[in-house]
Amino acid sequence: MHTTTSQTPESEGPSRPARLIQNEATTEIPVHLLFRDEPEPRPVPLGPAVVGSRAGTGEQPRLRRPTPAVPRPVAQVDPELAERRARVLPGAAGVFAGACGAAGCVAASWWAGVLPPLAVRALRLPEFAGAGLGPAQWAAYAGAGALGLFGFGGLARGRTGRAWVLGLFGRYRGTVRRTGLLWVNPLLLRRRVDVRLRHWRSEPMPAADGSGVALRVVTLVVWRVRDTARATLGVDDHETYLRECVEAALARIPVETPGAGRGSVEAAGEALTRRVAQDAGAIGLEVYSVQPLRIEYAPEVAAAMHRRRIAALDAQHRATVLTSVVDSVEDTVTRLTMRGLVELDDYERKALVKDLTVAFCAGRSEQTP
């Protein structure tokens with residue numbers, strides 16, 4: 001049994017791949033890529049897409065997936081390191097303990113019989129022959145001396161705007177913000193921290209404007225220590241860290257060139273404040289303001305930018321003078337014509353405009369120094 005098949009016009013031409021689909025607006029796509037039995041990958045959530053197409057190609061609009069922005073890592077310290085109140089006693093307790101220790105030493109000396117007679121009469125103590133310096137007397141001396149040292153050695157004076165960060169064998173034990181006479185365990189290591197509102201005027205720091213021109217910026221930073229534990233133990237030197245944060249912010253945020261408007265300078269200050277506050281907040285510093293005080297060009301570009309600025313001012317002045325001259329000539333010719341003082345054809349009008357322009361320009365040049 002034979003079966004005949006009729007040949008189509010496409011079969012008479014040159015042989016082409018039978019497993020390809022061709023289109024005028026697309027490239028050749030293999031069929032096996034369109035019909036696959038493999039499981040489809042999980043959909044990836046898309047952000048805001050942009051619709052676009054190439055004109056004149058017949059291509060359908062397509063979606064362009066935006067490149068996801070990589071978040072900038074934020075500095076972090078030990079989350080368990082946070083300021084907490086230390087246990088201290090009033091200064092009266094230390095004075096009382098020290099006085100008891102001193103009285104104990106005097107009593108032990110009287111007991112051992114080594115107290116001078118003058119001191120015995122001054123203290124109105126009864127006459128006692130003394131038992132000598134034995135083990136009991138030395139133990140009394142040790143106990144009374146230790147009590148006196150702990151009592152007087154732990155006395156401290158707290159000041160307004162200052163705090164102590166206490167540590168014992170490398171471990172944080174708390175912060176003291178109280179004022180007045182206090183008693184702090186003398187075995188604890190004390191680190192004094194200034195918690196007042198402070199301001200720092202920086203030296204000229206390198207920066208750049210939106211076009212990449214090198215600048216030198218002097219900033220005023222208003223800040224204070226909010227968490228004494230993180231500021232003291234979370235970083236080697238919190239003041240140096242703050243200075244480097246300001247330098248890094250100036251390197252990343254463009255600053256307007258000298259002579260810019262007040263709004264631009266305030267916007268740059270707000271951006272600097274946000275960036276520095278975010279970086280310094282990890283170590284317990286609270287930054288209120290980072291404001292540029294003085295902005296000037298870097299020495300290597302100062303001369304060139306000065307010439308460029310003078311040229312721009314000169315061009316602006318020339319444009320202003322030219323606009324004024326053109327307006328004056330137009331107003332003069334219009335008034336002469338509308339009042340019927342002169343009747344001018346095109347040639348005479350052009351000649352009059354030329355003469356008036358030359359006269360006004362000459363007058364402006366004589367008035368301008």
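**Helix H8 and Thr-273**

Select Thr-273 in this predicted model; the residue is found in helix H8. Is Thr-273 buried or exposed? At a relative accessibility of 14%, Thr-273 counts as buried, because the cut-off for that class is under 20%. Display the side chain of Thr-273 together with the backbone of Gly-269: a polar atom of that side chain lies 2.7 Å from the backbone oxygen of Gly-269. Next, add Tyr-288, Ser-289, Val-290 and Gln-291, which Thr-273 touches when residues up to four places away in sequence are not counted.

**Helix H7 and its cover**

Move to residues 238-252, which form helix H7. This helix has 15 residues, and the distance from its first C-alpha to its last is 21 Å, close to the 21 Å expected at 1.5 Å a residue. Colour His-238, Tyr-241, Leu-242, Cys-245, Val-246, Ala-249 and Leu-250, which are buried residues in H7.

What covers the buried residues of H7? Select the following elements in turn; the cover includes each of them:

- strand E11 (198-201) and strand E12 (205-208)
- strand E13 (214-225) and helix H6 (228-233)
- helix H8 (262-280) and strand E14 (285-297)

Now centre the view on the N-terminal end of H7, which is capped by Asp-237. A side-chain oxygen of Asp-237 lies 3.3 Å from the backbone nitrogen of Glu-239.

**Salt bridges**

Keep Glu-239 selected and add Arg-198: the side chains of these two residues meet in a salt bridge, with an N to O distance of 2.7 Å. Arg-198 lies in strand E11 and Glu-239 in helix H7, so the pair ties together parts that are 41 residues apart in sequence. Arg-198 counts as partly exposed at 22% relative accessibility, and Glu-239 is partly exposed as well, with a relative accessible area of 33%.

How many salt bridges does a search of the whole structure find? The search finds 6. Another of them joins the side chains of Glu-83 and Arg-177, at 2.6 Å from N to O. Glu-83 is in the loop between strand E4 (62-64) and strand E5 (89-90), and Arg-177 is in the loop between strand E8 (171-176) and strand E9 (180-183), so this pair ties together parts that are 94 residues apart in sequence. Glu-83 has a relative accessibility of 27% and counts as partly exposed; Arg-177, with a relative accessible area of 38%, is also partly exposed.

Next, select Glu-286 and Arg-224, which form a salt bridge whose closest N and O atoms are 2.9 Å apart. This pair links distant parts of the chain, with Glu-286 in strand E14 and Arg-224 in strand E13, 62 residues apart. Glu-286 is partly exposed, its relative accessible area being 25%, and Arg-224 counts as partly exposed at 24% relative accessibility.

**Strand E9 and Leu-182**

Turn to strand E9 and select Leu-182, which is found there. At 1% relative accessibility, Leu-182 counts as buried. Show the residues in contact with Leu-182, leaving aside neighbours within four places in sequence: Leu-89, Pro-90, Gly-91, Gly-154, Leu-155, Ala-156, Trp-164 and Val-176. Gly-158 is also worth displaying, since a separation of 24 residues along the chain corresponds here to 7.0 Å between its C-alpha atom and that of Leu-182.

**A nonpolar patch at the surface**

Show the surface and select Val-95, Phe-152 and Leu-181, which make a nonpolar patch of about 270 Å². Phe-152 lies in helix H5 (residues 135-153) and is partly exposed, with a relative accessible area of 44%.

**The loop at Phe-169**

Select Phe-169, in the loop between strand E7 (162-168) and E8. The phi angle of Phe-169 is near 55°, a positive value in a residue other than glycine. Phe-169 is exposed, with a relative accessible area of 83%.

**The whole chain**

Finally, return to the complete model. The protein contains 10 helices and 14 strands. Of its 369 residues, 25% count as buried. Among contacts in the protein with a separation of 6 or more, 64% are between residues 24 or more positions apart. The accessible surface comes to about 26200 Å², and carbon and sulfur atoms account for 57% of that surface.

Note on methods: Residues numbered from 1 in each chain as written. Predicted model: local features only at pLDDT ≥ 70, side-chain atom pairs only at ≥ 80, totals over all residues. Heavy atoms only, no water. Patch = residues over 30% accessible without salt bridge, like charges linked within 9 Å, V, L, I, M, F, W, Y side chains within 5 Å. Areas by Shrake-Rupley, 256 points an atom, 1.4 Å probe, with all protein chains shown as cover. Salt bridge = Lys/Arg side-chain N within 4 Å of Asp/Glu carboxyl O. Helix = DSSP H or I, 4+ residues; strand = E, 2+ residues; numbered from the N terminus. Buried < 20%, exposed > 50% of the residue type's maximum accessible area, 1.4 Å probe, protein only. Expected span 1.5 Å × (residues − 1). Contact = heavy atoms within 4.5 Å. Polar contact = N/O pair within 3.5 Å; in protein donor to acceptor, adjacent residues only side chain to side chain.
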